[in-house]
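Colleague: Could you walk me through one part of this model in some detail? I would like to see how one helix sits among its neighbours.

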Amino acid sequence: MSRVMPRSCTRPAAFAEEDAAAPLRRSVVRSVRFEETDPMGLVWHGRYPGYFEDARIMLGNSLGIGYLDFYAAGFVLPVTHMSIDYRRPLRYGDTFVIGAALHYTQAARLQIGYELTLAGEIVCTGRTIQHFTTKEGALCPARPAMYDAFCARWLHGEFTPELPPFKRFSTETPSP
């Protein structure tokens, strides 16, 4: 028996929808810590999802749709799809920017794209999809009311599409 996937499910990397709002972007500046590297001084490939998480948390909290906001409303958002494209490794001491972009969709999920840059050069890109579930783990077939309200405000242009990077997790010594 063959099954035809809906158009919105066939190309998760594209994240494009007709009449979609502009993506909402936020970024975090971070430095590579020693414990994140292998013996050659390169960031271990399994650390990159954690970098995505840093930006995803900043994105959600800055928009009022952080994990705790969803949890308080009775929902959790497990990652159901992740892809990562590595272009070049980060090294111990590198200070880089992690950008996250929430892409609009009418589906009951969050679609976020990521870009890690070092001195303006893209070193890694990625994508995640998170579906809404109840705290008990039941999949939600529709967006929660609180996220519907957020999306209505987004479509009406109430959010700034991009803010300057937020400095966090830096290894720099603070000035006195």
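Modeller: Happy to; here is a close look at one helix, followed by two residues elsewhere in the chain. Please keep in mind that this is a predicted model.

Let's start with helix α4, which spans residues 145–155. Its buried residues are Tyr147, Phe150, Cys151 and Trp154. These four lie on the same side of α4, because the arc they cover around the axis is only 100°. The elements that cover them include two helices, α2 (48–63) and α3 (67–72), along with the strands β1 (24–31), β4 (95–103) and β5 (109–118). Just past the end of α4 comes Gly157, with a positive phi of about 80°.

One of the covering elements, α2, also holds Arg56. Is Arg56 buried or exposed? Its relative accessibility is 8%, so Arg56 counts as buried. The side chain of Arg56 makes a polar contact of 3.5 Å with the side chain of Gln130. Leaving aside residues up to four places away in sequence, Arg56 also touches Tyr67, Val79, Ala100, Ile112, Tyr114 and Thr128, among others.

Finally, have a look at the loop between α1 (7–10) and β1, where you will find Ala20. With a relative accessible area of 35%, Ala20 is partly exposed. Along the chain, Ala20 and Tyr104 are 84 residues apart, yet 5.9 Å separates their C-alpha atoms.

Definitions and conventions. Residues are numbered from 1 along each chain as its sequence is written. This is a predicted model: local features need pLDDT of at least 70, side-chain atom pairs count only at pLDDT 80 or more; totals for chains, interfaces and linings use all residues. Side-chain values use heavy atoms; hydrogens and water are left out. Buried means under 20% relative accessible area, exposed over 50%, partly exposed in between (1.4 Å probe, protein chains only). The arc is that of the directions from the helix axis to the C-beta atoms. Contact means heavy atoms within 4.5 Å. A polar contact is a pair of N or O atoms within 3.5 Å; within protein, one must be able to donate a hydrogen and the other to accept it, and residues adjacent in sequence count only if both atoms are side-chain atoms.
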